[in-house]
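Let's take a friendly walk through this structure, one part at a time. Have a look at the model below before reading on.

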Amino acid sequence: MRISSVAENTFLNVNYYHLVNDILSRSFGKTPLAFVRTYGCQQNVSDSEKIKGVLKNLGYSFTDDENLSDLIVFNTCAIRQNAQDRVLGNIGILKKIKSKNPKVKIIICGCMTEQDYAANKIKNSYPFVDVVLGTKYLNVLPEVIYNLLIGSKVQVNSLESSDDDIFEDVPIERDSKIKAWVPIMYGCDNFCSYCVVPYVRGREKSRKSEDIVSEVKGLIKQGYKDITLLGQNVNSYGKHLDEKVDFSDLLEMLDNLNGDFRLRFMTSHPKDATKRLIDVIAGSNHICSHIHLPFQSGNNRILKLMNRRYTRESYLEIVNYAKHKIPDLCLTSDIIVGFPGETYEEFLDTVSLIKEVGFASLFTFIYSPRNGTPASLMKDPVTYEEKSKWFSYLLKEQESVSLKIYEEMVGKIFEVLIESRIADNLAVGKTSGNISVEIETLRQDLVGKFINVKITGYNKTKLKARIN
């Protein structure tokens, strides 16, 4: 069957919602259940919340057990090979579920399926999968569900869509009542040599500032306390908009909103991180003292091969400026170990950088070749076993850095947003710097509130505290 193009079907056209609602109400003796599993980054989490919003409006409820579901959706990631392997392994498990219940519908969507070889593997090796979609699917999802319910076989992995298409009327079913994700832009123009994101997410496109401000206002009104702005490179926000606005302008607009909330953002590209951005954070009322600023490598030759378009020196310049302007700043970052052609001495430049900067935590990965990227064609003489040794050494060094930061926080008072309880006498939350804190308290009314705590200790993964 043919799936409508974006121009033919938007969320303002509710025909498919009515059609699906009618079919579901007639076909099921109960509310049908959907199972949605998310792989990958926060952008994928946000996308899955929109998938759930669409499904809820169609008439579905949700379950955490795929064995009980009438519809299964996997929202996939393509950033590393092990992520794809995990998806494929879990898709294979679905065969048993489909055998027991042939009526269950299975949809695989997201970044992984934008790659032809991955989409074709799913179609050829897992014929029990009903639908394979890419990343531009939300506006046609009601039509896809409708055609599944009437018995049409739908297997597409690319939908006709302009890179300029942004839909502001997508229903959202958020996973939390405290924390919210707000995409401010989609896609990426950077084309780092190791990264598949521009190929699966498309080129950069920014939402209008008025739409973002309106969404954040609504979240504050609903009581959300921790709001994170999302983009592959938030620092390049606004470059393709007709209005003259950049990321610093947008942050100022949102910071000026009234309410009891925190504002975060990720991910930030070092080449576009400006001193004005740091100044806005330093003078703000709501923006967290946490910057996630991936540096990937501490060696200039490797950075050039990665096409990162900054140097170790320029990275340190903006970091040092930020640490000077924001005294309680908490920095985190991403690192790739064992990029093709990297020597041990060049790897040690990365280790020296983490010691010099003092990151609270790192997301560290051994290089994973991605099909179709320039780096996948580079010579890579270092064995995976050797890279694993480097990786272990770096983790050990970073652990020492993190523990030193935690030790310096003992005895100090921090404001923490309580996110949940894990026991009758324990609650957990996050500092403005995004560090996890475990708080001893018998109070049951703290979830969703900001409280001041005194840090009393720590372990490898979190701080420990009591209410001040």
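Before we compare helices, one definition helps: an axis is a line fitted to C-alpha atoms, for helices over the stretch in contact, and angles run from 0 to 180 degrees between N-to-C directions. Keep in mind, too, that this is a predicted model.

With that in hand, find helix α9 (residues 275–282) and helix α11 (residues 312–325), which pack with their axes 10 Å apart, at an angle of about 20 degrees. Angles under 35 degrees count as roughly parallel, and α9 and α11 are therefore roughly parallel to each other. Their crossing is right-handed. On the α9 side, the contact is made by K275, I278, D279 and A282, while α11 brings E317, I318, Y321, A322 and K325. What kinds of residues meet in the contact of α9 with α11? Five are nonpolar and four are charged, with no polar ones.

Now turn to the sheet. Strands of a sheet pair through backbone hydrogen bonds, either parallel or antiparallel. Here the pairing is parallel, and five strands make an open sheet in the order β2-β1-β3-β4-β5. The edges are held by β2 (61–62) and β5 (131–132); each has a single partner strand, so one side of each is left without a neighbour in the sheet.

Further in, strand β1 (residues 33–38) runs parallel to strand β3 (residues 71–76), and five bridges join the two. One residue to look for is R37, whose bridge partner in β3 is F74. Packed on this sheet is helix α3 (residues 81–100), which touches β1, β3 and β4 (105–110). The direction of α3 makes about 175 degrees with that of β3.

Notes:
Residues are numbered from 1 along each chain as its sequence is written. This is a predicted model: local features need pLDDT of at least 70, side-chain atom pairs count only at pLDDT 80 or more; totals for chains, interfaces and linings use all residues. Side-chain values use heavy atoms; hydrogens and water are left out. Two strands pair if DSSP finds at least two bridges between them. Helices (H or I, at least four residues) and strands (E, at least two) are DSSP runs, numbered from the N terminus. Contact means heavy atoms within 4.5 Å. Angles under 35 degrees count as roughly parallel, over 145 as roughly antiparallel, 65 to 115 as roughly perpendicular and the rest as oblique. A crossing is left-handed if the near helix is turned anticlockwise from the far one by less than a right angle, and right-handed if clockwise. Ala, Val, Leu, Ile, Met, Phe, Trp, Tyr, Cys and Pro count as nonpolar, Asp, Glu, Lys and Arg as charged, and the others, Gly among them, as polar.
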